[in-house]
Structures are given as structure tokens and as C-alpha cells.
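Here's a quick tour of one model, in two stops. Have the sequence and the 3D view open as you read.

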Amino acid sequence: MFSERVDPERFETLIELNTLINSDYSDPNSLLTRIVESATRLTDGEASSLLLVNPDNQRLYFEVAIGSKAADVASFSLDKGEGIAGWVFENNRSLTVNDVQEDPRFFADISRAVGFETRSILAVPMRVKEQVVGVIEILNKRGGKPFTEVDLWWLEIFANQAALALQNARSFQRVRDQLDVLSDQITTEKGYHTLISRSPTLKDRLTLVSRVAPTDSSVLILGESGVGKELFAEQLHLQSHRNSGPFVRVNCAALPETLLESELFGHVKGAFTDAASDRIGRFELADGGTIFLDEIGDVPLAIQAKLLRVLQERSFEKLGSSETRSVDVRIVAATNRDIERAVDEGSFRRDLYYRLNVLPLYIPPLRERPEDITELAEFFLKRFNAETKKQIRGFSEEAVETLLSYSWPGNVRELENAVERAVVICQDEYIGPSDLVLHTGERGSDETYQGKSLKDSITQFKRQFIRSTLERHRWNQTNAAKELGIQRTYLSRLVKELGIKR
Ligand SMILES: Nc1ncnc2c1ncn2[C@@H]1O[C@H](COP(=O)(O)OP(=O)(O)O)[C@@H](O)[C@H]1O
Ligand SMILES: [Mg+2]
């Protein structure tokens, strides 16, 4: 009896998958896809899918879909109890339906919407410790044949495998999250920051850093405020042979001229009125390591001359002293200013700019790298969860949409603050859009328009409203026009007339 059911191909596949499940926890989706593919092949199905429950809203979504309409199916989700899959989920029982038209539980909407004719379904629950976490279903046995009891039996085995794979992946993820938090704490204790990079752009920049770091060349980091320039400066130091030496930060914009000069180069007693004793400058403190000159664009011209000399000769004199000192320092500078313009206008020395700009490193604003937005949000959530001893599990779908459609003028710093506040405010398992306080500044309150003529107010409203719609659609005018209910050509004219710029 049993031997009839023993099919060598099926057993081989099962053993293969078992090996995979025990070796690869890092990418659950590709593992689940492999399992569902095998299950489909071995039950002679035309198409299949694996649905998981979203704990956020208790709906079943398509984690894996295989078949001619797979890509279209992905955007659908089912309520618990809706359709055959929903029934299997809710009742925690397997089901074979060989003629869906005869079964009132069949939910025809998805098939109809994607243009797939479903005839028969085999659906089984996926269980982790007795609890249903999802459903695997196989559609249409090939050759118009009915699904058999043996097919069902095998699918149940595969569903168990899939559940195991999922469970492994989730525990692995939990451990990895804890590791991330610990590693972030250690990095912070050492005085550095954890740098998160998900977007291809940022990964490219990091590759560049790994190539440039071992050299002693000066690097000029450019980019808006809050994009992470300081973190890149840290990486240049940490990935260099100087990493056991000091990393010294100087914010050149924070001090008036004389103080900045003595901060950088030090002074001897009596060098100026308040110089009551000798002082070691930052360049000397950075000897054997790296000095990070932040906001270099704000350095007064007089100090720029001295900096140029350090860059050329690695030597300088303390204020009030004629003794020349030499240091072995790597110089990394950063600015959010348009430094080329400063050079053209004469407020920044051209020769110093050329010296610094040997290796320019531009960090793009956060709004241009959406992959980093979600990754950073998750990272900050873990950090603030740990700090506040909360256990918020993530961001709701709407919250993610809110994060992605915002333009982040304050870049990562603003995102970090937004998540910190959200963690404090949030009362649920998931952060929702109302927990995120973003400075959209486009919510036209009465005050915005006070004292303005009706015409001016309307123009201002139009400008803000169109801008925020465009931002939400990542500046895709066709989609924005659709939402606004106007022609694309009209939108494009309005954009020009109102002077809306990206
Ligand atoms: N890629 C990143 N990963 C993690 N945190 C980041 C990242 N980029 C920026 N931050 C955080 O954002 C804040 C601003 O970064 P910072 O380097 O000071 O920006 P900038 O120097 O460009 O003004 C810091 O608190 C930093 O920890
Ligand atoms: Mg900074």
C-alpha cells in the first residue's frame, strides 16, 4: 500500500529541500519559492501560491506565486475566511476542490481579475507549533485530471517543510536583530555610528570608501545636511591603517575665527588675552590618526591659508609660537555648501579647494534613495525599542507609505528624530501614520493665508497641493495628474506657471 505512494522523485526532492532548510536561513522568500515550485511540479499543478497571514491586519497576502499570472496576483490579499485559502486558514484544515464552480467557498474575483481560469484547487494549512501561519494552494491539475489523495498527502508534507523554513528564518531574524542592536551599542560606546546602507547608491559610495580609505589622500565629502557625511568620514578612518589611532572631529562652523584657529592649531600661554596656559590643538591630537573638518565651507579665509599649508606640508605653528610642528594626519573634510560657488565668489580659496577635492565623495539626499528610508526606519526602530524597552514590531503599511512619500528635507537626522518620537508616542504593536509627526508644512492652515488676497491664497494652495501630490508620486506627472483628476499636459503647464521645482 505504502510502496505505491513511494515515488523516488518526490523523495529526492524532499531530501533536497530538507538540506536547504537546514542550511539557508538568510533568504526565506527564495527558500519558500523553491518549496512551492517543487510542490507544484510534484502534484502536476499549473499554478500555485503560498499565502501568509499579516499579523498587522490579519489578512492573507501572497508571499509566493507561481504560474502564468503570478506577477498580477501579488497585489491581492484575502480576508480570513475569504475564498478556499481563507477557509483553509480559518478552519486549519486541508481541502481538495476538484470543481471550483460547484463550491460556494470559491472566491472568483482574483482569478477573474488576473484572467486565470481556475478549475481545481488543492489547499493545505501551514502550521508553526499548531498555529496556522499561512496556506499553500495548488491550482489546476494538469491534463484536466482531479487532484488525488496522494497529491494532498504530499502537499501537506511540503507545507510542513515550508512552515519549518519559515520558523527557522524568523528565529534567525530575531537573533540577527538582537545582534544588530548589540553591535550598534558597541559601536556607539566606541564613539562611532552604525552606518546603514541598502540603496545601490550608498553601497557604491561604501565600495569607493573601501578603496580610498587605505590611502592617505584627503577626501572632501559633499551633500546636504543630515545625509550621513560624518558617518562616511568615520568609515574612511575605520577602514584605514590609522584605525587604531585617534579620530578627531572639528566643527568649523561652531567657533569664531580666533577660537577656531587655536582649536585647530593650539596656542602657547599669552598668545592672546584669554590664553592663560598652553593648549594642544586638534591637529596634534589627531597625530597618527584622522582629523575630520566638518563644515569646512565655513572656515574664514585667514585660517584657510594655514590649512592649505597643513595639507601641503603637514606642518604648522601654534598660535603665539614660532616653533614649527609636524603631524602625521589624514584629512577628511565635509560641507553642505555649494563650495564651487564659494570658490567662484572668492570666499573659499581655489588652491585649498583643489587640494581637498582630490577625492570628492558626494552623498545624495535621502529622498533620492528610498531603499534606505525603510531600512533606516527599521534600524532606528530597533535602536529606540532597545533604549525605551518597548517592543514595537514594525511599521504599518500606511506608515511605510507615509515615510516613502515624504521628501525628508532634514534627511537621515530628521528620519531618526521622527522614529524616536513615534516609538515614544506609539501605543500599538505597529507604528501607524498618526505616530509620525512630519513637517510637511503644506497643510495650509488659516494662518498660512492670513492677510493674503483670495487669488494669492489660491495660488499658494495650488502650488503646495500640486507639489505634495507630485512628491507622493515621486515626480511622475502622469500618475500625479491621474490623482488630481486633470490632464497631464495641464499639470505640466501648471508646474511651469507656478514655478514648482523638484
Ligand atoms: N546611513 C546611515 N546609517 C545610520 N545612521 C545614519 C546614516 N546616515 C545618517 N545617519 C544618522 O543621521 C544623523 C546625521 O548624520 P550626519 O553624519 O551627522 O549627517 P551630516 O554630517 O551629513 O550632516 C546622525 O545621527 C547619524 O547617526
Ligand atoms: Mg554633520
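## A strand with two partners

Keep in mind that this is a predicted model. A good place to start is Leu139 in strand 6, which has Ile121 standing opposite it. Strand 5 (residues 121-128) runs antiparallel to strand 6, and 8 bridges hold the pairing. The two make a hairpin with 2 residues between them. Look at Lys129 in that turn: its phi is positive, at about 50°.

Strand 6 also pairs with strand 1 (residues 45-54), again antiparallel, through 7 bridges. Here Ala47 is the residue that stands opposite Leu139. So how enclosed is strand 6 (residues 131-141) by the rest of the structure? Largely, because 8 of its 11 residues are buried.

## Around ligand 1

Now for the ligand. Ligand 1 has 17 residues around it, and the closest are Ile196, Gly228, Lys229, Glu230 and Val412. Two elements give two or more residues each to this shell: helix 9 (229-238) and helix 17 (411-425).

What sort of residues make up the shell around ligand 1? It's a mix: 6 are nonpolar, 7 are polar and 4 are charged. If you think in domains, domain 2 (200-362) and domain 3 (366-435) each supply at least three residues to the shell.

Terms used: Residues numbered from 1 in each chain as written. Chains lettered and ligands numbered in written order. Predicted model: local features only at pLDDT ≥ 70, side-chain atom pairs only at ≥ 80, totals over all residues. Near = placed C-beta within 6 Å. Helix = DSSP H or I, 4+ residues; strand = E, 2+ residues; numbered from the N terminus. Nonpolar A, V, L, I, M, F, W, Y, C, P; charged D, E, K, R; others polar. Domains from an automatic or database assignment. Buried ≥ 20, exposed ≤ 12 C-beta atoms within 10 Å, placed from the backbone. Pairing = 2+ DSSP bridges.
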